[in-house]
Every structure is written in C-alpha cells, then in structure tokens.
Number of protein chains: 2
Amino acid sequence: MEKIDRRKLVTLLGGLAGVGAAATLVAHADQAATAKSPASAMQNVPWPYKPLDPDVIAQHGFDGYFKTECMCGCFEAIVRPITEQLGSPYTDFPFAMFRYGGGGIKGWATICGALNGASAAIQLLSPNPDPLINALFEWYEREPLPNVHPKGAKFSEIRSVADSPLCHQSIASWTKVSNKHSYSPERSERCGSLTASVAKQSVILLNEQAAGKPIAFALPQATQGCMSCHEKGGVVENIRTKMNCGGCHAPMLGKHPSKS
Amino acid sequence: MEKIDRRKLVTLLGGLAGVGAAATLVAHADQAATAKSPASAMQNVPWPYKPLDPDVIAQHGFDGYFKTECMCGCFEAIVRPITEQLGSPYTDFPFAMFRYGGGGIKGWATICGALNGASAAIQLLSPNPDPLINALFEWYEREPLPNVHPKGAKFSEIRSVADSPLCHQSIASWTKVSNKHSYSPERSERCGSLTASVAKQSVILLNEQAAGKPIAFALPQATQGCMSCHEKGGVVENIRTKMNCGGCHAPMLGKHPSKS
C-alpha cells in the first residue's frame, strides 16, 4: 500500500491551504473520519455570531469607507471580526465583491450602500434577520444621521433625516441641511460617518437579538395611510413596500386623486 | 519517519473538502510545493470566469426565484456554475446570504433584487465590472421586460418598461400595463421571469467582455438635462446618480422651479 511522508505532506498542504490549516488537515487524517468539514460549514447561513463592540465596529466602518466605499466598508466592518474569530476558511471570504454597492451601486444612487452591506451582514450572521433589517431601515429613515463622529473625521458633524433608505434621497437631504455640495469632501466624510453609524446600529441590533431582546418595528403612520390603498388588499394594490412614501412622493400629494 | 496511508488520507480528506478536492490535494502532495492555495485564491476578486450559456442561466434564474427570491436566485444562477467549474473551496460560498435582497431588500422595494444579485455576481466575476453594471442598469430601465418566458411559466408574457432600477417602480409599471395586482400570482411569476431576464443579460455582458467586445453605456438625454443642474458642477449639485429621473419625478416637473 502506497505511503506518503507525513512531514512532507504537512509542508505541501501548507502551500495549498496555509500551514495551520495543513496541520489541522493532517491531524484529522491521523485521527478519525468523524470530524465535520470546516469548508462545508462556511456555506451554512447563519454563521456563528458572538457579540461585537459597536464602537469598535463603527470605527472600522469609517476607516473601511475610505478604502472600499460604503457597502463593502460596512459589510467588512461587521463580518471581518467574525471571520477572524472563526478562522479558515471563513477568513477567505471574497470581501471585495461588495465593492459593487458603492454610491448606491456603482454611483446609481439606489439603495444606500451602508444599508445594503449591513443587510448582507445581518443575513449572514443572524438566525432571524428580518426583524433586524426592518428595524435598521426604519431607524435609518427617521434618525438624524450620521450619529457617530469617528476618530480621523476632519469636519464638524452635521446630521440630517434621510426620510428614505435610498442613496440619492439621503444625500439630497443632507446637502439641504448642510448647504454643502454632493461632491464636496464634507459629503464624502459624512458618508464615511454614516457607514460607521449603520455598522454600529447593526451590531447593536445583532447584540440585542443575541441577548434575547425583542426587536421592534412599525411602519410610520403617514406611510400606513398611503398603503391602505396601494398595498395588499387596497383598491389600487400596485406596490409591495415598507418605505416611507413621503420622502420622495410628498411633492406629488397635491396631485393625488381624491380618495372619496 | 512517520508515514500515512495514501488511500486512507484521500478518504479522510474527502470528508473535509469533497472527494474530488481531496484527490486533488493529495495529487498536489504527490507532486510539488509550487501550487497556489485554493483557499486564499477564493478571497481574490475577480474569480476566474469562463463564458456561460445565457439561456441555461436564464432558466436557473427563474427556478431559483421560486426557491430563494430575486436577489439570491439571480446571483446563484450566475455564480453557482462557476463554483462548480472551480471546485472546493468556491463551492462552499454561503449563497443563502443573498436572501436578504428579496423584494428590494426584505420587501422594502428599494433596488430590484435581480439587479442587486447580478451586480454582486458581476463584481465577483469581471476584471472590469463598472461598464457591465452600468450597461445592465441602463438596459433594465429602458427595455420592455421580462424578455424571457422560461419553461414552467404558467401565465402569458406581459412586458413593461420599468423606467427605474427600483423594485417598487418596476412593479408599479408592470401592474399598470398588466392590470394585475402586486400580490397576484401573475406578478410573482413576472418577477421570476425578470430574474431570468436579468441573469441572462448579465451573462451576455460578461461573455461579451470576455470576448473583448466594448460595452456601451450612455445616460438618457432627459436625465442629462436634470443632471446639468443637480449633478457635479451644476448650480444645485445636490445628488450623485445615473438613474433615470423621470421614472419617479415626472409628476413633480410641473412644480419644478424655472431654470431662467
């Protein structure tokens, strides 16, 4: 029966999967076949989550924004520390994939990239992600943001209420309050602080859920009025949403058909 | 010197990383230490891409929509076949993470989930993703969709022009043309066919880029008019976007301040 030199095997597998992983593989080979595959565990969602420090994650979000923009910065701020806890193969996750979401997806200004990245992270780490993502979006719409002023920020903090989870609405609200342009360095830093704020809030919610606390979410009353006709069972029933309608459609309300 | 039984090693590693991968690992161990680590290769974006069959991927998108909704269905339709080409550890990617994007992210109706999933896939697989994602979004806004009628579809094909990359605008446009409700089974199937259409178009674009063809993208003329004031260098400069403004803001134009 063919035999392989154990030490040579560890060295060679080290070239394939990292020295630590190679030693682990061979240890498994030495022992029994009952061990679970760390590789196949990676594909199972959710990944194991241990509470993180929201303030530390906020700073990661701010720093990450200037490296890989809002979506990737937010996702990586939350998920990278978890992969470091879990080790290989989790550490080999292709984080740079999430660069697509910068500027509301390649500058199209659709969904706020921080929210897009946070949602992916929450789905990856929570056994019940829906209430967390709902609560995060509702918080983002109504809260004066950014509510974090990270280390390294150069400009004074200016907060605005986005009234929407969409990038261009969020930015337009902030430019109105700040009287700064959308391509100004102040706006860029604001989006970095917003990435920090969203990453922090996501971790607060993940920690609360992990501690067994209930996560509240309710649609704003004005939105409920719109939805009574436009959502499920309404006379129009032409949308499916939880967004605040007034953030974008308030200027249209003067043209709204009479309900009577 | 300690020796390990080769056949036993293949069997045990098979439990860790799949039989094929185990055989590959041991083959590498038999040969030289020059091979690159497949685990660390996974974190490098882009992953290697080989042209896929757009019609096959379209059907995967449709079938996937009914399992994991629009975002995950679209992403997995494109990326799963690539992971099967590449083998472990790529096959251990946590696809279910992308379930967060269903219904424009948990039913918030922000970015169309098929576009969100396709964008992630393109960023993961393309050496130059920006022109592909720009072209995909512009196509989605102006094209009568869905333009695929997959196997298993029960209802007749009804196409509409979304005029926007946003979920609720896309659905509202379709309910207007189809005279169907947003919670109807016809609308659900339409989103399945739309997932198929977006997955197919993404693969067409990826294949064209892989073949060295130039990828064209231009903002609609009406949008350029809005942007002359609202985008970079304009007198207002309060947004950063490439979206078609008229899709949502046409009803506001009667209230638009005079430019003169």
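**View 1. A cis peptide bond before B:P46, in the loop between α3 (38-42) and α4 (54-86) of chain B**. In this predicted model, B:P46 belongs to the loop that runs between helices α3 and α4 of chain B, and the peptide bond that joins B:V45 to B:P46 is cis, with an omega near 5°.

**View 2. A cis peptide bond before A:P146 in chain A**. The bond leading from A:L145 to A:P146 is cis, and its omega is near 0°. The loop that holds A:P146 lies between α6 (129-142) and α7 (167-178) of chain A.

**View 3. Positive phi angles at B:K106 and at B:D163**. Although B:K106 is not a glycine, its phi is positive, at about 50°; this residue sits in the loop between α4 and α5 (113-125) of chain B. Because its relative accessibility is 12%, and buried means under 20%, B:K106 counts as buried. B:D163, which is also a residue other than glycine, has a positive phi near 65° and is found in the loop between α6 (129-142) and α7 (167-178) of chain B. With a relative accessible area of 34%, B:D163 is partly exposed.

**View 4. The packing of α5(B) against α6(B)**. The axes of these two helices are 9 Å apart, and the helices pack at an angle of about 160°; since angles over 145 degrees count as roughly antiparallel, α5(B) and α6(B) are therefore roughly antiparallel to each other. Their crossing is right-handed. On the α5(B) side, the residues that meet the partner helix are B:L115, B:A118, B:S119, B:I122 and B:Q123, while α6(B) contributes B:P129, B:L132, B:I133, B:L136, B:F137 and B:Y140. Sorted by character, the residues of this contact divide into nine nonpolar, two polar and no charged.

**View 5. Two aromatic pairs in chain B, formed by B:F62 with B:F66 and by B:F75 with B:F95**. Over all chains, the count comes to 26 aromatic pairs. One of them joins B:F62 and B:F66 in an edge-to-face arrangement, 5.1 Å centre to centre, with 75° between the planes. Because these residues are four apart in helix α4 of chain B, B:F62 and B:F66 are separated by about one helical turn. B:F62 is buried, with a relative accessible area of 3%, whereas B:F66 is partly exposed at 46%. The pair of B:F75 and B:F95 is tilted, with 5.9 Å centre to centre and 55° between the planes. This pair links distant parts of the chain, for B:F75 belongs to helix α4 of chain B and B:F95 to the loop between α4 and α5 of chain B, 20 residues apart. Both B:F75 and B:F95 are buried.

Methods:
Residues numbered from 1 in each chain as written. Chains lettered and ligands numbered in written order. Predicted model: local features only at pLDDT ≥ 70, side-chain atom pairs only at ≥ 80, totals over all residues. Heavy atoms only, no water. Buried < 20%, exposed > 50% of the residue type's maximum accessible area, 1.4 Å probe, protein only. Axes fitted to C-alpha atoms, helices over the stretch in contact; angles between N-to-C directions. Parallel < 35°, antiparallel > 145°, perpendicular 65-115°, else oblique. Left-handed = near helix turned anticlockwise from the far one by under 90°. Contact = heavy atoms within 4.5 Å. Nonpolar A, V, L, I, M, F, W, Y, C, P; charged D, E, K, R; others polar. Phe/Tyr/Trp six-rings, centres within 6.5 Å; stacked < 30°, edge-to-face > 60°.
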